[in-house]
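Hi,

Here is the structure I promised to pass on. Have a look at it first, and my notes follow underneath.

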Amino acid sequence: MSVLEYVRDSLGNAVVLPIVIALVALILGVKWPKAIRAGVLLGIGFVMLGVVVNLLIESLAPAADGLATKLDLHLQAIDVGFGAVAAIALGTAVGATTIPIIFCMNVVMLLLRMTKTLNLDIWNFWCYAFSGAVVFKITGDNYLAGVLASMTHAVFSLLIADATASRVQSFFQLPGVSIAHGWATTSVPVVLGLQWILDRTPGLRDVNLDVDRLQNKLGVAGEPFAIGGILGIVIGAIGTGEVSSALKLGITLAAVMYFLPKVISVFMEALVPLTEQAQVFFQRRLKGREAYVGLDSALLVGHPATVILGVLMVPITLLLAAFLPLNSTLPFGDLAATAFFVAMCAPLMRGNLFRGLIAGIVIMSGVLLIASYFAPSITAAAPDAGYALPESAQGATYITALSAGNWVSYLTSQLGRLGGTWAMGLMFAIVLSAAAAVGFVRHRRERAQLATTDPATAEADA
């Protein structure tokens, strides 16, 4: 086992990221007691978040399975979950080298002002590895084409992370944080496109169902934990047909809705001293430049609107799977984690449940179709990566995962099929040029702002 594999697979997010955060804090000038405290608190936050999110997923799974059985879905490709696809992607020649290559590229881009985000969410680099692994196989084991595909996906994610950072920070009260998760960022153009359309559609543009408004109108019945309880009872009753199971799911979802915002407050307590000192550091060493820490999109699941949307999307996704033309994917492994697919809706649509539901339907429709498209490739690559099919997939014609259904991976696969190395090289050059252009504009704007407060520093920076 290599050092990277040990860090990624054996230690995990809750151990390594606190160490990294503490070291970064020390580099930025935070005194060691506060640096260690920030790292430990971050680890505690991830442990708490993992417990609550796993509780959400595990409690929803039986109801989701029951709904699928009632719909009597007979589809060729079974969704085996993100863990399986991540293992397959990271098991290829491209995936094995994705983490160091992309992390080094990220650091260089940060130093050259091409991004503000230092993405520390290395466990989710599998999303980039997946894009590269697909191109690697499509091009006849062309390593360079695969690496370029991974790097293209990573640069795109950094661009989106920078662009959405202010909204994420404001909505969730998480200073200095951005989300560069390889799947979450691909949903952003879809969400913003729908937001633009809805803003210009008479009637629909005035519909605003946010959690705070519901609470004001309905009182206790509109509080997040009450909404979670009601949804849990309804979905549990439909999915399992048992009163006891429905009541258990109801109280579990109520508990999840109650605890998740409290978990996010732990992250805030951990990150505030780090981000405050980071601003001092960048002001002193990098002439006022701002930078963000890229973290897991799991942080976004802490908002009640995201959990509500995620629960509602479970039956909707199953209905889409049953009736969507060209779909061959049977939702299973990733089905109970639908909140992650709509995580960017809350900050970008300001918590509007109505708009989030529309976005969720569009997003999950695309996810199902792209997952179906990738099913043969994932199935063919599994043995080469040393992956054995789980018992749940035995008898299925293909395996796939809802989390594999992102359009950036689909686009890179088509480019790889079209022109291999030169096509991927061109795409990488385009996204890198876009990052350079954004960085140049940002630098000029920052220099202009600095000139009004510190003319001498601005002149030296020029």
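Strand β4 is covered on both faces: Y292 and G294 are buried on one side, and V293 and L295 are buried on the other. Before you go further, bear in mind that this is a predicted model.

β4 (residues 292-295) belongs to an open sheet of three strands, where the order is β2-β4-β3 and the pairing is parallel. Since β2 (117-119) and β3 (177-179) each have a single partner strand, they stand at the edges, so one side of each is left without a neighbour in the sheet. From one strand to the next, the twist averages 40 degrees.

If you want to check the register, β2 and β4 pair over three bridges. T117 sits opposite Y292, and N119 has G294 as its bridge partner. On the other flank, β3 and β4 also pair over three bridges in the parallel sense, with I179 opposite L295.

Now the cores. The largest nonpolar one has 109 residues, and the residues with the most contacts inside it are L60, F130, F267, V307, V311, M364 and I378. Helix α3 (residues 32-71) gives the largest share of this core, 13 residues. There is another core lying apart from it, made of 30 residues, including I122, Y128, A149 and V155. That fits a general pattern: in soluble globular proteins, nonpolar side chains tend to be buried together.

What does I378 touch, leaving aside its neighbours within four places in sequence? The list is V85, I88, F130, I399, T400, A401 and A404. F130 is also among the residues with the most contacts inside the largest core.

There is a helix pair you may like too. Helix α11 (residues 224-240) and helix α13 (residues 304-323) pack at an angle of about 10 degrees, and their axes are 10 Å apart. Angles under 35 degrees count as roughly parallel, so that is how α11 and α13 run relative to each other. In the contact between them, P224, I227, L231 and I235 of α11 meet P304, I308, V311, L312 and P315 of α13. V311 is another of the residues with the most contacts inside the largest core.

Last, confidence. Mean pLDDT for the chain is 83, with 87% of residues at 70 or more. Among the elements, helix α9 (residues 184-199) has the highest mean, 95, and helix α1 (residues 3-11) the lowest, 53. Where pLDDT is low, the predicted coordinates should not be read in detail.

Cheers

Technical notes
Residues are numbered from 1 along each chain as its sequence is written. This is a predicted model: local features need pLDDT of at least 70, side-chain atom pairs count only at pLDDT 80 or more; totals for chains, interfaces and linings use all residues. Side-chain values use heavy atoms; hydrogens and water are left out. pLDDT is the predictor's confidence in each residue, from 0 to 100. Helices (H or I, at least four residues) and strands (E, at least two) are DSSP runs, numbered from the N terminus. A nonpolar core is a set of buried Ala, Val, Leu, Ile, Met, Phe, Trp, Tyr and Cys residues joined through side-chain atoms within 4.5 Å. Buried means under 20% relative accessible area, exposed over 50%, partly exposed in between (1.4 Å probe, protein chains only). Contact means heavy atoms within 4.5 Å. Two strands pair if DSSP finds at least two bridges between them. Axes are lines fitted to C-alpha atoms, for helices over the stretch in contact, and angles run from 0 to 180 degrees between N-to-C directions. Angles under 35 degrees count as roughly parallel, over 145 as roughly antiparallel, 65 to 115 as roughly perpendicular and the rest as oblique.
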